[in-house]
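User: I should like a close look at a single part of this protein, namely its nonpolar core. Please explain how the core is built and where it sits in the whole.

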Amino acid sequence: MVTAVTSLSRSGLSDWLVQRVTAVILLTFFAFIGVKLVGGITYTEWSALFSQGWMKIYALLAALS
């Protein structure tokens with residue numbers, strides 16, 4: 001029996017699922033930021049947006065994706 005060295009005991013399905021989840025995270029993050037930029041946003045509004053906890057987590061998830 002041959003074992004794949006590069007698989008690291010993960011299935012192709014789990015790799016595909018991780019790729020899709022990260023793609024959705026990035027798509028929604030950049031769409032949200034794009035809507036904010038097109039709508040016009042001041043530095044004060046931008047700073048207030050990124051001072052909220054949910055936005056910090058969302059930006060971290062996007063960066064890690």
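Analyst: The following account begins with the whole model and then turns to the core.

This is a predicted model, in which local features need pLDDT of at least 70, side-chain atom pairs count only at pLDDT 80 or more, and totals for chains, interfaces and linings use all residues. Residues are numbered from 1 along each chain as its sequence is written, and side-chain values use heavy atoms, with hydrogens and water left out.

The protein has three helices and zero strands; helices (H or I, at least four residues) and strands (E, at least two) are DSSP runs, numbered from the N terminus. The protein averages a pLDDT of 87, and 85% of the residues score at least 70; pLDDT is the predictor's confidence in each residue, from 0 to 100. Among the elements, helix H3 (residues 53-64) has the highest mean pLDDT, 94, and H1 the lowest, 91.

Of the 65 residues in the protein, 11% are buried, where buried means under 20% relative accessible area, exposed over 50%, and partly exposed in between (1.4 Å probe, protein chains only). The largest nonpolar core consists of six residues: Phe29, Ile33, Leu49, Met55, Tyr58 and Ala62. Such a core is a set of buried Ala, Val, Leu, Ile, Met, Phe, Trp, Tyr and Cys residues joined through side-chain atoms within 4.5 Å. H1 and H3 are the elements that give two or more residues to this core, and H3 gives the most, with three.

Beyond its neighbours within four places in sequence, Phe29 is in contact (heavy atoms within 4.5 Å) with Met55, Tyr58, Ala59 and Ala62. In soluble globular proteins, nonpolar side chains tend to be buried together. Leu13, by contrast, lies in helix H1 (residues 12-39) and counts as exposed because its relative accessibility is 63%.
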